[in-house]
There are 2 protein chains.
Amino acid sequence: MRTHYCGDLNGSHDGQEVVLCGWVHRRRDHGGVIFVDLRDRDGLVQVVFDPDRAEIFARAEQVRSEFVLRVKGRVRPRPEGTVNPDLPTGEIEVLGLELEILNAAATPPIQLESHVADASEEVRLRYRYLDLRRPEMQARLRTRSQVSRVMRRFLDEHGFLDIETPILTKSTPEGARDYLVPSRTHPGEFFALPQSPQLFKQLLMMSGMDRYYQVARCFRDEDLRADRQPEFTQLDIEASFVDEETLMGLMESMIRTLFEEVNGETLPNPFPRMTYAEAMRRYGSDRPDLRVALELIDVADLMDGVDFKVFAGPAQDPEGRVAALRLPGGGSLTRKEIDGYTQFVGIYGAKGLAYIKVNEWSSKGREGLQSPILKFLPDATVEGIMARTGAEDGDLIFFGADKARVVNESIGALRVKLGEDRGLMAEGWHPLWVVDFPMFEHDPNADRWVALHHPFTAPKEEQLDSLSSDPGSCLSRAYDMVLNGTEVGGGSIRIHREAVQRQVFELLKISDEQAEERFGFLLQALKFGCPPHGGIAFGLDRLVMLMTGAQSIRDVMAFPKTQTAACLLTDAPSAVDEAQLKELALRLRQRG
Amino acid sequence: MRTHYCGDLNGSHDGQEVVLCGWVHRRRDHGGVIFVDLRDRDGLVQVVFDPDRAEIFARAEQVRSEFVLRVKGRVRPRPEGTVNPDLPTGEIEVLGLELEILNAAATPPIQLESHVADASEEVRLRYRYLDLRRPEMQARLRTRSQVSRVMRRFLDEHGFLDIETPILTKSTPEGARDYLVPSRTHPGEFFALPQSPQLFKQLLMMSGMDRYYQVARCFRDEDLRADRQPEFTQLDIEASFVDEETLMGLMESMIRTLFEEVNGETLPNPFPRMTYAEAMRRYGSDRPDLRVALELIDVADLMDGVDFKVFAGPAQDPEGRVAALRLPGGGSLTRKEIDGYTQFVGIYGAKGLAYIKVNEWSSKGREGLQSPILKFLPDATVEGIMARTGAEDGDLIFFGADKARVVNESIGALRVKLGEDRGLMAEGWHPLWVVDFPMFEHDPNADRWVALHHPFTAPKEEQLDSLSSDPGSCLSRAYDMVLNGTEVGGGSIRIHREAVQRQVFELLKISDEQAEERFGFLLQALKFGCPPHGGIAFGLDRLVMLMTGAQSIRDVMAFPKTQTAACLLTDAPSAVDEAQLKELALRLRQRG
C-alpha cells in the first residue's frame, strides 16, 4: 500500500513519486494551500495540497487531526526559507497528487503534537492507543524491542536455550502475594501465577539443559507502591557447572554489549565490585548510587561516651549506628532547607536530623561551628568528627543515630537526595556488583531467621559447617547488579545438595511437612543428580526505563495497569457471570 | 569448571588434557577397568578409569547412573577394534586423571539409556527433570529454541517490533473458556487470562506501531481432547497498511526460511492456494492433507433420481452432499477392513459406508462390479459414477451421503486414514494457503449466524453491501496456512471501520449493550483513526511438533500438563488457605 515510510524521505528522493500511509499529525491552511504533516512510525513529512487540483484539494479540506490517509505524491525540495532543520525530512515536502482517506477520526482527547505528555495519566491510560502514537512512546517501545533482541542474541551466541516455563503453576501455602487461578477441571483447587520461574529454571538445570534463558512474565499481587506493576517482565537466566566468576563476567559483558549497541554508550570493564558490608557502611544501601560521591562515616566510637542519649544510646547499642555525612558547601543551607531534610529522613523512621555547620573551623576552631547539638559534644569528639569527615569551612555535617537499619535507610536516602538537590550527581553510568550478602537476616518480631535473597541461595562453601551454629555470620553466593542506584539484576549460585537445602529450610523454621508440601518436588529432584548451577534475573522494565530515561515503568510498557492494578483501557478486572463462578465452584463472599 | 562439552570431543583433541562435567549415562566394569559414558547437553564420551590410579579408581567404583561428575583427563584414540562409529565421539576416549563427584543420584525411575521413552507418560511427567535428560527431549527443546530464534530474526529484519501485551486482562461475559483470576485490590472482580492477544494487537495497530509480533502465551480452559494444552504459545503477528498479498507473501517466506535453516528442507515457492469452497469440495476439509492424492467427487446429480433414499435424500437436500472416493487398488480390501472403515466414519456421524468394488468393469461392465447397493442404481447412474471417478479394475469406490457437514467430516477423515493405511502418503512438506472463507456459518440450533473465524475479520470489500442482505454468501478476508493436514497458522485482514464492526456485531446478534460491555474499548478506539490492518498467528507448539516429528505437543513443551490440566511434577492445581480465599472475597461452594 505504500512505497516509503514518511520519516525516511529526504533530499535523495527529490523528483520521485512516492506513496505514503499515515496519520494527520497537523493540518495548516496557509496562503490558499493545505499543509498536512503526515506521521507514521518512522517520522513526519509535510504534504502540500494545491488548489489547482480541485478534487484532491476538496478532499484535503475534509481532513482533520488523526485522519488516516494514503497519499501519492512527488517529492520536491522545500522553497527557500521554509527548510525545517529540526525535522529529518525538513529539506523536502511531498506535493499531493492523489489522496485517499482511509479512515476518519474524532477529535482526540490527547494532544499528540507535543513530545511531552500533557494529559493526565488517567486519560493517557484510558486512551492508551492514542498516547502510544506520541513519538516519545513509540521510541520507548522500539527501544524495549531492541533491548530484548540484543540480549537474546547475546545469550543465543553463548549457548543459552530459550525455554518456556509454565504460567499456570503451583500455589504455595505462604505465597501471600500469588495471583490465584481457580481450576474448572479440579473444583476447589487453584493454580498460581509465578512470581518468578525460579524453581522451574532450577529444574531445567537438573534436566541437563545446561544454559537457559527466558524473557519471562512474572506476577505479584501486592500494593503497588513505588512504581511496581502486577505483571512485569524479567530476563531470566540459569547455567550449570558455573561459578560466580563465570556468570558475573558473562552477564556484565552482556550488559556492556546492550548499552553499546542500543545507546552507543560505553560501560566500565570490568564492573567494580563491593561487598554488602562495605556498601552498607559507606552508602547505607545495598544498591548504592555511585554517581553521588557523599559517604556515610561511622563516628559511634567518638560518641559512646558523650552525655547525649540521642548519640550515646545508638553508639552503645550493638544493633545501633551513628554515622556522619559531610555535605561539601552545605554551610549555605537555610534553616528551612534543613527542616525539609529533617522531614525527609522522617519518612525512613529517623526521629531527627542533627547537623553541624562548619562556618570558620580553620580560623576559629570550635567557635567557628554552629549546631544545636554542639553543647553536648566534648572537644575531643568534635575534633574527631572534623578530622574523620575532613570537613572544611563552608561544609555541613549531618548525623544519623538510631538502629543501624534506620540510619542506613534514612541517611542513605538523604545522601542521594542531597546529590540530586545540590547538583552532585556525576554524569554517565556507574554499574557495580554487590557481593558477599549475608545468608540470613534476623527478624526480631518473629524471632527467626529469614533468607536475605531466597531459600535456594547457596552459602559460601567454606562456611557450610557454621551454617547451623552461627547462621548470622554466614555469607551467601549471591550477587546483585546495581546501576546508578537501581538494582537491575540479582542472582546467586544455588544449593545443589539435598542435605544443604534441608538444613536451610530447617534454619528458616520451615518444617519437614511444610517443606514437603511446598517444595517436595524440588527436594525429590535434588536426589537424582543435580548439577552445581546458578543464575540471575534482570528486571527488563526497569532496565528499559533507565535506558530511555523514562520516569515510570508504566512509560515503557504498552498496556500498564494503574496503582490499584486496574486496566483503564479495557476496564479490567470486572464482574463475571454467576454461571462462571458456579462452574469454578466459587461463591462471592458478602462484604461487611 | 570445564574446558569442553563431552559431545564436542573428537580425534582432533588427541593428547589434550580436558576437563568435563556431566552425568553418568552408563558405567561398565570390563577387564578390571571402569568405563563411564559421561553425558552432557552436547553428547556422550567414554571415560576410562585404570586401576593403577588407585584413589581415583576407588572413587570411580562408587559412581552410579546419573551421578554428576567433574573429570580431568587426557584424550586418546580408542584401541583398535573398539571404535564406535555410531557415536560422534566414538573414535576417542578420555583417560581419567582426576575425578570429582559433584553430586550423587538415587536410581532413576526412568530409563535414560534408550532414545525412546519406555516409561509411562505419568512417570515421565512426574519426573520431568529426568525425562528431559533424554537426548530425544533435549533435541526437541533445542529445536524449539531455534525455531523461535529464526522466526524472531526474520521478523526483526522485516521491521516488526516485539511488544508484550498483558496476561492479566479483561474477562468477557461469554468468555466461557477464560481462565479467571480474582483481584485482591478489587474484591469480587476478576481478570481473565487471554485466549489470544487479538484485541491488544489490533490496539497496537491503532497505536501506530505499524508492525508487531510477540511469542505470546495463550490460555484456554477447555476439555483437553485432541492433544490440547491449557496454556500454549503462538507467534502472534500484526501489520498496518497491508493487504492479504503482502502478508501472505511475507509469512510464507518466513516459514520457508524456518524450514530451510532449522531442518535444511526446501518448501515450495510460492505456496499453492485454494479457496475454502474448493478445499471442502475436493477434500471435505479446510485443512486438507495434500500428501494424500485421493479426492472427494460429487455425484449427487447422478443420484437424485435413484430409488434409494440413502442417496436420493441427501442428493435432493440443499444442505446434503453425496460424494464418491475412489481408492486405487482398493478392490483387495477385505470385508473386515471395510467394516473397520465403516466404524471409523461412524465416529464422524456417518450412518454407514456404501462402496462398490470394481472387479472387472473393463471386460464385464456392470456384472464386473460388486456392491450391496448396486441393485438400487440404474445403468446410467453406474456409468456416470464410473466415468466421473475414473475407476479402473482393482479399485474400490466409497460413498458418503448425508448432510454436507457429515459427508465432509467423515469422508474427509477416511481419505487421510486410507492414505496412511495404504501407504498413499507422499513424502515431504505440502503447504497450502486456504482462502476465501465464508464470513459466517449458520448455527441451525440457535438459528443465528456465527463468525467462522472471529468477529473482527473483515469481509471482502466488494461484498460490504450484501453483508446484511445475504450474510451466508459473504466471504471474509481470512487465510489459513495448512501444512500436511495441520493448520499451522491462521489470520485475516481486520475490520478497521466502526460502522462495519457494528454491523457484524449486529449480524451475530450481539446487542449494542453487550457490544459496549465486551468490546466498548475497541469500538471507541475505532473512532480515532484506525489504520487498515491484518495479521496472523502461528501455533508454535504444533509447528515444532511437526518439525521434530513428535507425536504430541506435550513432547515439545518443557513442563506440560496432563489431559485433565494438572501438573504432575509440582502437583498443581492444589488447595489454598482459607485466609487467601478470604482476602479474595471468595468462598468455596459445597459440592452436592
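Let's start in a loop: in chain B, Pro270(B) sits in the stretch between helix H6 (244–263) and strand E12 (273–275). This is a predicted model, so keep in mind that everything here is computed. The peptide bond leading from Asn269(B) into Pro270(B) is cis, with omega about -5 degrees. Chain A tells a matching story. There, Pro270(A) lies in the loop that links helix H6 (244–263) to strand E12 (273–275), and its bond from Asn269(A) is cis with omega near -5 degrees.

One more backbone detail is worth a look. Asn484(A) has a phi near 50 degrees, which is positive even though the residue is not a glycine. You'll find Asn484(A) in the loop between strand E21 (478–483) and strand E22 (486–493) of chain A. For background, most residues other than glycine have a negative phi, and most peptide bonds are trans.

**How the two chains fit together**

Now zoom out to the pair. Turn chain A by 180 degrees, with 0.0 Å of shift along the axis, and it superposes on chain B with an RMSD of 0.2 Å. The two copies are therefore related as by a two-fold rotation axis.

How many residues does each chain bring to the contact? Chain A gives 124 residues and chain B gives 124 residues. Of the interface residues of chain A, 100% are also interface residues in chain B, so the copies meet through the same surface. Between them, the chains bury about 11100 Å², with 56% of that on carbon and sulfur atoms. On the chain A side, Phe241(A), Phe528(A) and Arg589(A) lose the most area to chain B, together making up 8% of what that side buries.

**Charged pairs**

Side chains of opposite charge can pair when their charged atoms come close. Over all chains, the count of salt bridges comes to 114, and twelve are found across the interface of chain A and chain B. Here are two examples:

| Pair | Closest N and O atoms |
|---|---|
| Arg589(A) and Glu578(B) | 2.6 Å |
| Arg128(A) and Asp131(A) | 2.9 Å |

Arg589(A), already met as one of the residues losing the most area to chain B, reaches over to Glu578(B) in the other chain. The other pair stays inside chain A: Arg128(A) and Asp131(A) are three residues apart in helix H3 (residues 128–131), so about one helical turn separates them.

**Empty space inside**

Rolling a probe the size of a water molecule over the atoms shows where empty space is left. Searching the whole structure turns up nine cavities of 30 Å³ or more, and the largest has a volume of about 440 Å³. Which elements give two or more residues to the lining of that largest cavity? They are helix H4 (135–157) and strand E10 (211–219) of chain A, along with helix H4 (135–157) and strand E10 (211–219) of chain B.

In total, 30 residues line the largest cavity, and those nearest its centre are Val215(A), Arg152(B), Val215(B), Ala216(B) and Arg217(B). Sorted by character, the lining holds 13 nonpolar, seven polar and ten charged residues.

Terms used:
Residues numbered from 1 in each chain as written. Chains lettered and ligands numbered in written order. Predicted model: local features only at pLDDT ≥ 70, side-chain atom pairs only at ≥ 80, totals over all residues. Heavy atoms only, no water. Least-squares fit on C-alpha atoms with pLDDT ≥ 70 in both. Contact = heavy atoms within 4.5 Å. 1 Å grid on protein atoms, 1.4 Å probe; cavity = no way out; pocket = protein on both sides within 12 Å on 5 of 7 lines; lining within 4 Å. Points joined across faces, edges and corners; volume = space filled by probe spheres on them. Helix = DSSP H or I, 4+ residues; strand = E, 2+ residues; numbered from the N terminus. Nonpolar A, V, L, I, M, F, W, Y, C, P; charged D, E, K, R; others polar. Buried area = accessible area lost by both parts, 1.4 Å probe. Salt bridge = Lys/Arg side-chain N within 4 Å of Asp/Glu carboxyl O.
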